[in-house]
Amino acid sequence: TLSFLNSSADCYPGNVGDILISCEQNTIHPLVNGVISYYAGGHAGYITGPYRDDYTYIGEIGTVEATMTVGNNADCGVYSKEDWRGLQYFNEVMCLRVDMTDEELARVTASITSRLGDPYNETFFFNIYDTSYCSDVVSKSFECINRDLNPTKLTTSMYDMITAKDTYISYYHYVDSDGVKHIYYLG
């Protein structure tokens, strides 16, 4: 049955273990954003939720993402789902879900948190073993449970993750030209 709820309340996208993606790049430079959006998509992150090990603490709305800005080579770090719900960075957000057992979820989360501090790969093609970029970090982390999020076997783009046989869309939101945010939960 088709239904909807009209609400002025906002929510955090996704659930623990989901992959956050935006197919549009808005954060680097206006001249570069369109090219990156068209060929690779915008940005990706992984929702860890609460996580603690001997070296790392991540809170309830924590994410792991590899990010950079022009002239500021960054690394894989801890961020927040807060960045994904507002309009500051992304007008359109999807959450991809991979069916996993609790044990597989724990392995993927441990794999991605082990990459914290890894250097960012600005080239996307070269030095792929010692550095990573946003969707690459996510894709590499799911390899530990034999999930292939890069069916093209080239650089991992947002479109690769969307079309991978192991993912499905669980959440989607976009902001229309009137500034109204439309949220869809799927599944």
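## Helix α3, salt bridges and surface of a predicted model

Among the elements of the protein, α3 has the highest mean pLDDT, 96, while helix α1 (residues 30-39) has the lowest, 52. The model is predicted, and its mean pLDDT is 83, with 79% of residues reaching 70 or more. Where pLDDT is low, the predicted coordinates should not be read in detail.

**Overall layout**

The protein has 5 helices and 9 strands. Read from the N terminus, the elements follow the order β-α-β-β-β-β-β-α-β-α-α-α-β-β. Of its 187 residues, 42% count as buried. Taking contacts between residues at least 6 apart in sequence, 59% join residues at least 24 apart. The accessible surface is about 10400 Å², and carbon and sulfur atoms account for 54% of that area.

**Helix α3**

Helix α3 covers residues 102-113, 12 residues in total. At 1.5 Å a residue the helix should span 16 Å, and the end C-alpha atoms are 16 Å apart, which agrees. Its buried residues are E104, V108, T109, S111, I112 and T113. Which elements do the buried residues of α3 pack against? They pack against the strands β2 (43-47), β3 (51-52), β4 (57-58) and β5 (62-66), and also against α4 (134-142).

**Salt bridges**

The structure holds 7 salt bridges. Three of them are listed here, with the distance between the closest N and O atoms.

| Acidic residue | Basic residue | Closest N and O atoms |
|---|---|---|
| E82 | R85 | 3.5 Å |
| E104 | R147 | 3.3 Å |
| D148 | K153 | 2.4 Å |

E104 forms its salt bridge with R147. E104 lies in helix α3 and R147 in the loop between α4 and α5 (158-163), so this pair ties together parts that are 43 residues apart in sequence. Are E104 and R147 buried or exposed? Both E104 and R147 are buried.

The bridge between E82 and R85 lies within a helix: the two residues are 3 apart in α2 (residues 82-85), which means a separation of about one helical turn. An α-helix has 3.6 residues a turn, so residues three or four places apart point the same way. E82 has 35% relative accessibility and therefore counts as partly exposed, since that value falls between the limits of 20% and 50%.

D148 pairs with K153. D148 is partly exposed, with a relative accessible area of 31%, whereas K153, at 57%, counts as exposed because it passes the 50% limit.

**The loop between α4 and α5**

R147 belongs to the loop between α4 and α5, and N146 is placed there too. Phi of N146 is near 60 degrees, a positive value in a residue other than glycine. N146 has 71% relative accessibility and so counts as exposed, whereas R147 is buried.

**A nonpolar surface patch**

Which residues form a nonpolar patch on the surface? The patch consists of I169, Y184 and L186, which together have about 250 Å² of accessible area. I169 is placed in strand β8 (residues 168-175). With a relative accessible area of 31%, I169 is partly exposed; patch members need over 30%, so I169 meets that cut-off.

Technical notes: Residues numbered from 1 in each chain as written. Predicted model: local features only at pLDDT ≥ 70, side-chain atom pairs only at ≥ 80, totals over all residues. Heavy atoms only, no water. Helix = DSSP H or I, 4+ residues; strand = E, 2+ residues; numbered from the N terminus. Expected span 1.5 Å × (residues − 1). Buried < 20%, exposed > 50% of the residue type's maximum accessible area, 1.4 Å probe, protein only. Contact = heavy atoms within 4.5 Å. pLDDT = per-residue confidence, 0-100. Salt bridge = Lys/Arg side-chain N within 4 Å of Asp/Glu carboxyl O. Patch = residues over 30% accessible without salt bridge, like charges linked within 9 Å, V, L, I, M, F, W, Y side chains within 5 Å. Areas by Shrake-Rupley, 256 points an atom, 1.4 Å probe, with all protein chains shown as cover.
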